[in-house]
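Let's get to know a structure by working through a few exercises. Have a look at the sequence and the model first, then try each task before reading its solution.

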Amino acid sequence: MTESIYESLSARLKLLAHPERLRMLDAVRRDAECVCHLEALLGKPQPYVSQQLSQLRAAGVIVDEKQGQNVYYRLHDEQVRAWLAVVLGP
């Protein structure tokens, strides 16, 4: 493996190692979730949740879809889905 592959993998693992992002990913890997549900799940304010979602979206791990006034997030990266299944179980 090249050095850049190790760096890329390290950055991805750091992104996933954050406890709140991990909780969000656990939720959105099962079904699309709106920000309001993720706020309730985490007990965190909307700006905090949006900041974490923005990092996951920028990395291509999740995608968003607007439905009416709500935005729903779902897991997009199948490699991350497989990692979550190993780490968190089915």
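Below are six exercises, each followed by a worked solution.

**Before you start**

This is a predicted model, in which local features need pLDDT of at least 70 and side-chain atom pairs count only at pLDDT 80 or more, while totals for chains, interfaces and linings use all residues. Residues are numbered from 1 along each chain as its sequence is written, and side-chain values use heavy atoms, with hydrogens and water left out.

**Exercise 1. Find the residues that touch the most other members of the largest nonpolar core, and the elements that build this core.**

Solution. Start with the term: a nonpolar core is a set of buried Ala, Val, Leu, Ile, Met, Phe, Trp, Tyr and Cys residues joined through side-chain atoms within 4.5 Å. Buried means under 20% relative accessible area, exposed means over 50%, and partly exposed is in between (1.4 Å probe, protein chains only).

Next, pick out the well-connected members. The largest core has 18 residues, and Leu-25, Val-49, Leu-53, Val-61, Ile-62 and Leu-75 touch the most other members. Two or more residues each come from helix 1 (3-16), helix 2 (19-28), helix 3 (35-42), helix 4 (46-58), strand 3 (70-75) and helix 5 (78-88). Helix 2 gives the largest share, four residues. Helices (H or I, at least four residues) and strands (E, at least two) are DSSP runs, numbered from the N terminus.

A bit of background: in soluble globular proteins, nonpolar side chains tend to be buried together.

**Exercise 2. Work out how helix 2 and helix 4 are arranged, and which residues meet.**

Solution. First, the geometry. The two helices pack at an angle of about 75°, with their axes 10 Å apart. Axes here are lines fitted to C-alpha atoms, for helices over the stretch in contact, and angles run from 0 to 180 degrees between N-to-C directions. Helix 2 and helix 4 are therefore roughly perpendicular to each other. As for the cut-offs, under 35 degrees counts as roughly parallel, over 145 as roughly antiparallel, 65 to 115 as roughly perpendicular and the rest as oblique.

Second, the residues. From helix 2, Glu-20, Arg-21, Met-24 and Leu-25 meet Tyr-48, Val-49, Gln-52, Leu-53, Gln-55 and Leu-56 of helix 4. Contact means heavy atoms within 4.5 Å.

Third, sort them: six are nonpolar, two polar and two charged. In this scheme Ala, Val, Leu, Ile, Met, Phe, Trp, Tyr, Cys and Pro count as nonpolar, Asp, Glu, Lys and Arg as charged, and the others, Gly among them, as polar.

**Exercise 3. Do the same for helix 3 and helix 4.**

Solution. The axes of these helices come within 9 Å and cross at roughly 110°. That makes helix 3 roughly perpendicular to helix 4. Val-35, Leu-38, Glu-39 and Leu-42 come from helix 3, while Gln-46, Val-49, Ser-50 and Leu-53 come from helix 4. Sorted by type, the contact has five nonpolar, two polar and one charged.

**Exercise 4. Describe the surroundings of Leu-38 and Ile-62.**

Solution. Take Leu-38 in helix 3. With 0% relative accessibility, Leu-38 is buried. Leaving out residues up to four places away in sequence, Leu-38 touches Met-24, Ala-27, Glu-33, Val-49 and Leu-53.

Now go to Ile-62, which sits in strand 2 (residues 62-67). Ile-62 counts as buried too, at 2% relative accessibility. With residues up to four places away in sequence not counted, its contacts include Leu-25, Leu-53, Tyr-73 and Leu-75. Tyr-73 is 11 residues away along the chain from Ile-62, and their C-alpha atoms are separated by 6.5 Å.

**Exercise 5. Is Arg-21 buried or exposed, and what about Arg-81?**

Solution. Arg-21, in helix 2, has a relative accessible area of 8% and is buried. Beyond four places in sequence, Arg-21 touches Lys-14, Leu-15, Gln-52, Gln-55 and Leu-56.

Arg-81 belongs to helix 5 and is partly exposed, with a relative accessible area of 27%. Its contacts, again not counting residues up to four places away in sequence, are Arg-29 and Leu-75.

**Exercise 6. How many disulfides does the whole structure hold?**

Solution. Use the cut-off, a pair of cysteine sulfur atoms within 2.5 Å. The search finds zero disulfides. Looking at cysteines, Cys-34 is buried at 10% relative accessible area, whereas Cys-36 is partly exposed at 45%.
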